[in-house]
Amino acid sequence: GKGYMIRVATAWSPTVPTVFNGQFTGVPNNGSITYTVGQGYNLLGNPYPSPINATSLIKTNGKLGALYYWSHKVAASGGVYPSNNYASYSLLGGVASANGSAIPNDKIQVGQGFFVNAIGAFDVKFENELRVDAVTTTQFFRSGRENTSTNEVAENHRVWLNLNGKTTGFNQILVGYSSIATNNFDDNVDALMFDTSKTFLYNVLDNKELVIQGKALPFTDTDVVKLGLKVIEAGELEINIQQVDGLFTNQDIFVKDKYSNVIHNLKESAYKFTAEAGTFNDRFELIYKNANQEVLAISTVDLFVKNNDLTIQSNQSAISSIEVFDVLGKLIFTKTGIKSKQFNTNQITANNQALIVKIQLENGEVIV
């Protein structure tokens with residue numbers, strides 16, 4: 001029942017892939033096994049020589065919260081993992097670590113370690129009843145939708161969202177309306193983000209950062225789901241739908257960007273935007289009805305500074321010209337004839353001073 005973290009020897013090459021042949025020795029476990037955990041995160045492992053059912057494990061041990069699996073989707077760079085590498089699982093379903101990685105099904109493979117978020121100290125019980133035939137799963141993850149015992153008794157309507165950068169998939173989250181969920185924090189349904197040190201998108205509930213959020217039925221298209229965003233390094237990002245099920249097969253899904261005054265239909269395409277470094281709990285909402293269609297026609301401009309480069313991006317009309325002033329009103333930079341939706345310059349000392357940027361768009365709109 002105890003889980004272990006394993007790393008290769010320091011002498012191994014960091015660049016040449018090498019197979020490590022691990023061996024389990026001893027007598028295969030059978031029967032009841034108990035392992036004591038404490039409040040918070042604990043590392044467990046499947047103790048049996050057969051897969052076990054993750055849903056049944058959570059239900060059998062009522063104080064178990066979500067499960068978290070190391071996926072190694074993205075390798076470390078300079079000793080740091082640039083994006084989330086933990087897949088998640090609760091009674092609502094599984095969530096991949098990031099776009100393109102596998103969504104965990106309801107099977108915990110032989111020899112598989114996993115973190116749990118324990119609700120207080122108690123004894124986790126593993127029983128033979130949790131065990132399933134090995135032929136029910138040929139791998140730890142699979143990319144298809146999970147077919148769990150929970151889904152057989154619960155009504156679920158779910159949306160999986162990805163946060164991506166230009167070259168990196170940062171993380172995935174799940175929002176679902178279910179007969180086993182309430183609108184409050186449900187220990188076996190809702191799941192906290194396991195690693196919050198990277199750029200990531202999350203559900204916001206009671207100031208908690210959730211990777212899985214369950215909401216009560218019945219569903220109404222006037223509901224609003226608050227989304228949070230943490231950005232480590234300023235740049236261009238996008239939010240897209242990975243998959244849906246239930247009523248969301250035919251239901252519109254919009255993201256509302258309150259900073260840019262844009263409502264975007266995620267069923268039609270990914271929503272692309274720029275963001276400064278920081279934490280933003282008041283920028284995005286997931287909504288299901290666009291009651292103000294004309295909002296989409298409003299010209300919006302994103303502006304951010306990265307490594308002393310000033311980048312301006314128009315989401316609608318092309319940029320005609322820009323003027324940059326200091327706080328005393330002195331013109332310190334000007335550029336005309338841009339005729340592009342994006343402009344970048346490193347000719348302004350942007351660090352440690354307030355700047356006023358006047359942007360002229362080709363449609364005649366002026367934004368300051």
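This passage walks through strands, ring pairs, salt bridges and surface features of a predicted model.

A good place to begin is strand 18, which covers residues 235-244. Eight of its ten residues are buried, so the strand is largely enclosed by the rest of the structure. Strand 18 has partners that can be followed residue by residue. With strand 12 (residues 156-164), strand 18 runs antiparallel, and six bridges join the two. Within this pairing, Trp160 has Gln243 of strand 18 as its bridge partner. Strand 18 also pairs with strand 21 (residues 271-275), again in the antiparallel sense, this time over five bridges. Here Ile239 stands opposite Tyr271 of strand 21. As background for a reader new to sheets, strands pair through backbone hydrogen bonds, and the pairing may be parallel or antiparallel.

Further along the chain, another group of strands can be traced. Four strands, in the order 26-25-28-29, make up an open sheet with antiparallel pairing. Which strands lie at the edges of this sheet? They are strand 26 (331-335) and strand 29 (366-367), since each of these pairs on one side only. Strand 29 meets strand 28 (residues 355-361) over two bridges in the antiparallel sense. Across this pairing, Ile359 faces its partner Ile367 of strand 29.

Aromatic side chains come next. A search of the whole structure gives 21 aromatic pairs. One of them joins Tyr177 and Phe248, whose ring centres are 5.9 Å apart and whose planes meet at 45°, a tilted arrangement. Tyr177 belongs to strand 13 (residues 169-178), whereas Phe248 sits in the loop between strand 18 and strand 19 (254-257), so this pair ties together parts of the chain that are 71 residues apart in sequence. Are these two residues buried or exposed? Tyr177 counts as buried because its relative accessibility is 2%, under the 20% limit for that class. Phe248 is buried as well, with a relative accessibility of 0%. Elsewhere, ring pairs link seven named residues into a cluster: Tyr41, Tyr68, Trp70, Tyr81, Tyr86, Phe115 and Phe194.

Charged side chains offer another set of links. How many salt bridges does the structure hold? There are eight, and three of these can be looked at in turn, including one between Lys289 and Asp221 with an N to O distance of 3.7 Å. This pair connects distant parts of the chain, 68 residues apart: Lys289 is in the loop between strand 22 (278-287) and strand 23 (301-306), and Asp221 is in the loop between strand 16 and strand 17 (224-231). Lys289 is partly exposed, at 43% relative accessibility, and Asp221 is also partly exposed, at 31%.

A second salt bridge brings Arg283 together with Asp257, at 2.9 Å from N to O. Arg283 is part of strand 22 and Asp257 is part of strand 19, so the pair ties together parts that are 26 residues apart in sequence. Arg283 has a relative accessibility of 3% and therefore counts as buried. Asp257, with a relative accessible area of 0%, is buried too.

In a third salt bridge, the side chains of Lys258 and Glu285 meet at 3.4 Å, N to O. Glu285 lies in strand 22, while Lys258 lies in the loop between strand 19 and strand 20 (262-265), so this pair ties together parts that are 27 residues apart. Here the partners fall into two classes: Lys258 is partly exposed at 41%, whereas Glu285 counts as buried at 16%.

Two further sites complete the tour. Glu209 is found in strand 16 (residues 208-216). What does Glu209 touch, leaving aside residues up to four places away in sequence? Its contacts are Ala191, Leu192, Met193, Thr196, Phe200, Tyr202 and Asn203. Even with these contacts, Glu209 remains partly exposed, with a relative accessible area of 27%. The C-alpha atoms of Glu209 and Leu227 are separated by 9.0 Å, with their positions 18 residues apart along the chain when counted as a separation in sequence.

At the surface, Val8, Trp12 and Phe20 make a nonpolar patch of about 300 Å². Val8 lies in the segment before strand 1 (33-37), and at 43% relative accessibility this residue counts as partly exposed.

How values were computed:
Residues are numbered from 1 along each chain as its sequence is written. This is a predicted model: local features need pLDDT of at least 70, side-chain atom pairs count only at pLDDT 80 or more; totals for chains, interfaces and linings use all residues. Side-chain values use heavy atoms; hydrogens and water are left out. Buried means under 20% relative accessible area, exposed over 50%, partly exposed in between (1.4 Å probe, protein chains only). Contact means heavy atoms within 4.5 Å. Two strands pair if DSSP finds at least two bridges between them. Patches are made of residues with over 30% relative accessible area and no salt bridge: like charges are joined within 9 Å, nonpolar side chains (Val, Leu, Ile, Met, Phe, Trp, Tyr) within 5 Å. Accessible areas come from the Shrake-Rupley method with a 1.4 Å probe; for residues, only the protein chains shown count as cover. A salt bridge is a side-chain nitrogen of Lys or Arg within 4 Å of a carboxyl oxygen of Asp or Glu. Rings of Phe, Tyr and Trp (its six-membered ring) pair if their centres lie within 6.5 Å; planes under 30 degrees apart count as stacked, over 60 as edge-to-face and the rest as tilted.
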